[in-house]
Amino acid sequence: QVQLVESGGGLVQAGESLKLSCTASGSIFRINRMGWYRQAPGKERGLVATITFDGNTNYADSVKGRFTISRDNAKKTVSLQMDSLEPEDTAVYYCNVRYTTTRWSIPSDAWGQGTLVTVSS
């Protein structure tokens with residue numbers, strides 16, 4: 001069982017910044033990839049950013065240049081620095097971790113409970 005604890009959501013004005021963090025715990029051998037997804041009202045959940053164990057990153061086009069993802073492998077933590085926030089960034093943000101429990105196991109996905117980010121204009 002893997003647990004994810006997210007923090008850092010809240011209400012900000014357009015142009016301001018927020019930082020989200022997520023820490024994983026439980027039966028983990030290796031975390032292959034960590035990331036953030038978001039779901040706005042009436043829309044499907046979609047990619048925000050991911051980062052691999054080796055530090056390779058991938059961003060949604062809508063957040064490139066404004067958001068920065070980082071991770072601390074030793075602490076099993078992933079962070080998302082969000083700058084120049086826009087009202088369109090308003091959504092529930094979910095942490096995602098792809099992990100293995102042994103050297104030979106197939107990777108599994110864990111999801112956080114979600115944290116609300118609201119950006120007012």
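1. A disulfide is taken here as a pair of cysteine sulfur atoms within 2.5 Å. The model under discussion is a predicted one, and by this rule the count comes to 1 disulfide. The bond is formed by cysteine 22 and cysteine 95, whose sulfur atoms lie 2.1 Å apart. The torsion about their S-S bond is about -80 degrees, so the disulfide is left-handed.

2. As for its place in the fold, cysteine 22 belongs to strand β3 (residues 18–26) and cysteine 95 to strand β9 (residues 91–100), so the bond ties together parts that are 73 residues apart in sequence. Both cysteine 22 and cysteine 95 are buried.

3. The largest nonpolar core has 32 residues, and of these Trp36, Leu80, Met82 and Tyr93 touch the most other members. At least two residues of this core come from each of β1 (2–7), β3, β4 (30–39), β5 (46–52), β7 (67–72), β8 (77–82), β9 and β11 (115–120). The largest share, 5 residues, is supplied by β9.

4. Strand β9 therefore merits a point of its own, given that it is mostly covered, with 8 of its 10 residues buried under the cut-off of under 20% relative accessible area. Its pairing with β4 is antiparallel and is made through 9 bridges; within the two strands, methionine 34 stands opposite valine 97 of β9.

5. Strand β9 also pairs with β11, in the antiparallel sense and over 3 bridges, and here tyrosine 93 has threonine 115 in β11 as its bridge partner. With strand β10 (residues 108–111), β9 is joined by 4 bridges, the two strands again running antiparallel. Valine 97, which faces methionine 34, also stands opposite alanine 110 in β10.

6. Which residues does asparagine 96 touch, leaving aside those up to four places away in sequence? Asparagine 96 lies in strand β9, and its contacts are Leu4, Arg33, Met34, Gly35, Tyr37, Asp109, Ala110 and Trp111. Because its relative accessibility is 1%, asparagine 96 counts as buried.

7. The polar surroundings of asparagine 96 can be described further. Its side chain makes a polar contact of 3.5 Å with the side chain of aspartate 109, while a polar atom of the asparagine 96 side chain lies 3.4 Å from the backbone oxygen of alanine 110. Alanine 110 is thus named twice in this note, as the residue opposite valine 97 and as the one whose backbone oxygen lies 3.4 Å from the side chain of asparagine 96.

Notes:
Residues are numbered from 1 along each chain as its sequence is written. This is a predicted model: local features need pLDDT of at least 70, side-chain atom pairs count only at pLDDT 80 or more; totals for chains, interfaces and linings use all residues. Side-chain values use heavy atoms; hydrogens and water are left out. Buried means under 20% relative accessible area, exposed over 50%, partly exposed in between (1.4 Å probe, protein chains only). A nonpolar core is a set of buried Ala, Val, Leu, Ile, Met, Phe, Trp, Tyr and Cys residues joined through side-chain atoms within 4.5 Å. Two strands pair if DSSP finds at least two bridges between them. A polar contact is a pair of N or O atoms within 3.5 Å; within protein, one must be able to donate a hydrogen and the other to accept it, and residues adjacent in sequence count only if both atoms are side-chain atoms. Contact means heavy atoms within 4.5 Å.
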